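Morning, everyone. I have one model to show, and I will take a helix pair and then the ligand site. Here it is.

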Amino acid sequence: MTDAVRQVVILGGGSAGWITAAVLAVELGGSDPGAVKITLIESPDTPAIGVGEGTWPSMRETLQRIGLHEVDLVRGCDAAFKQGSRFNGWVNGNEGDAYYHPFSLPQGYGEADLVGGWLSQSPDQPFAETVSAQPHLCTERLAPKQTSTPDFGAVVNYGYHFDAVKMGLLLRKHAVDKLGVRHVADEVTTVHTHENGDIAALETKAHGKITGDLFIDCSGLASLLIGKHYGIAMRSQQHVLFNDSALALQVPYAEANAPLASATIATAYPEGWTWDIGLPTRRGMGMVYSSAHTTQEAATAALHNHIRKTGGPSDLAAPRLIRFTPGYREQFWHRNCVAVGLSSGFIEPLEASALALVELSAAMIRDEFPANRADMDLVAKRFNDAFTYRWARIIDFLKLHYVLSQRDDSDYWRDHRNPASMPERLGELLQLWHHRAPYRNDLFRIEEVFPAASYQYVLYGMGFKPKLANPRPARLAQAQACFQNSAIITKRFLGGLPRHRDLINHIHVHGMPSA
Ligand SMILES: Cc1cc2nc3c(=O)[nH]c(=O)nc-3n(C[C@H](O)[C@H](O)[C@H](O)COP(=O)(O)OP(=O)(O)OC[C@H]3O[C@@H](n4cnc5c(N)ncnc54)[C@H](O)[C@@H]3O)c2cc1C
């Protein structure tokens, strides 16, 4: 074993494997003798999970940095633009119960007392619609940019909805053809180790032993290296977030040119919740539920009903069942092995944080790439600390959606708001937020997964009405100016942005201006 870390072996060719390969190759790879060599091994017999079709805005920077063009994503991956999430029926399930968590920050965020201003001036208006143009754009199914806006440029913040399988193929082609990643289509059968316990090589069926200095486990829910080989346990979070099952189905539009949503739509039901991701040629839909509360048959019936109610066909296929243990590994980086993607953990797809964690993991491995084996243990410690913190914040944020619900139509919802199931830190913050708004010092790390603005959107969207202890009159006037500004911007955007479907059609025919 040489001391310098020069050979990276990635096990798995799902989204996690190919994103990580490309992120590392574009900056650490190349033809110099000292460059890092990246090999990705992917079983031809085990397909990637094939779900994971909603991203955060961070994906724009990731794609731009690895040298992909947005136009290729739109044309090659059936992609569309995502401006946030819409939550239907989460507060009480009554008619009209809906709110948005948009990607754009509130107008005047961090300057004015927006929450105090909203409570004193327009408490009956939805918070998100008062402070941001984006919910209005989503309701009208408008695009987040114009035909003249360049590649990756935005009028309002956005991420993507795309076909996960096509995205995997695009990433693979780019990583292999343009970034020099070596692709080995083969099954890994055995893990060989050095005397000290580090992984030395992965044995494959047809290509023999593939040696490396650093091994990245992107083997999905199988978690072959970090889980099966090293036995690093999963920290189950099932006592906090009960969902352990998902049903997935692809649904055609009634007409090819149907209006195209630009938010993921999450709809609550007594059995669980459904997702609806609008791609240009089909909808990716599914139901997430807890097997302790709902049977597969009941969840399938609820999903089928939902699809029919929202314009889907009456003859529906049986959905694909995916089971998972909600949780994350006690360590993500152990010895010379680091887990990225589903092998490191999975909670549930609410708020679509999994690919964002893949992007953050790949970026940290790239930025802190260890010079030698001795440094690797220090980098591993930092990585484990950073991602343990991030997983815990994701759990807090997802749980927030459930604890504030007033739904009383099943044990699923009642159990979710049992105080005993709430993480301690979230409970403490909720107590404080009765008297003040979430602000940046509640989430103070650089690259927090969810900023305080996201907590504000969900808290107030869920009907939480604080009694502010210390309103700041000077900043309330500022808030009013922000609301007026937001209303002016909303009007301008509603008049100036194209329909989402029209922009996608335009890009397919004419492409996009380059930045
Ligand atoms: C229902 C559901 C909905 C989701 N929705 C979202 C979403 O909207 N947004 C989001 O960000 N995330 C979402 N996710 C998560 C997202 O799907 C994953 O994070 C993402 O697809 C990455 O998966 P992966 O690459 O880790 O694993 P996989 O896609 O499962 O890839 C595993 C790879 O390992 C390879 N492999 C396995 N065993 C071997 C072996 N022995 N030898 C060689 N290769 C092997 C396989 O061939 C495959 O290439 C969702 C997940 C689920 C379950």
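First, a term: axes are lines fitted to C-alpha atoms, for helices over the stretch in contact, with angles from 0 to 180 degrees between N-to-C directions. Helices are DSSP runs of H or I, at least four residues, numbered from the N terminus. This is a predicted model, where local features need pLDDT of at least 70, side-chain atom pairs need 80 or more, and totals for chains, interfaces and linings use all residues. Numbering runs from 1 along each chain as its sequence is written, and side-chain values use heavy atoms, without hydrogens or water.

Now the pair. The axes of helix 11 (residues 373-403) and helix 13 (residues 424-433) come within 9 Å. They cross at roughly 55°. That makes helix 11 oblique to helix 13, a class for angles that are not under 35 degrees, over 145 or from 65 to 115. The crossing of helix 11 past helix 13 is right-handed, meaning the near helix is turned clockwise from the far one by less than a right angle.

On to the ligand. Which residues come nearest to it? Gly13, Thr46, Gly54, Val188 and Leu355, out of 32 around the ligand; around means a heavy atom within 4 Å.

Next, polar contacts, pairs of N or O atoms within 3.5 Å. A polar backbone atom of Leu342 is 2.9 Å from a ligand oxygen. For a backbone N or O atom of Ala16, the distance to a ligand oxygen is 3.0 Å. For Gly14, also through a backbone N or O, it is 3.4 Å. Helix 1 (15-28) and helix 10 (354-367) are the elements giving two or more residues to the shell.

How values were computed
A polar contact is a pair of N or O atoms within 3.5 Å; within protein, one must be able to donate a hydrogen and the other to accept it, and residues adjacent in sequence count only if both atoms are side-chain atoms.
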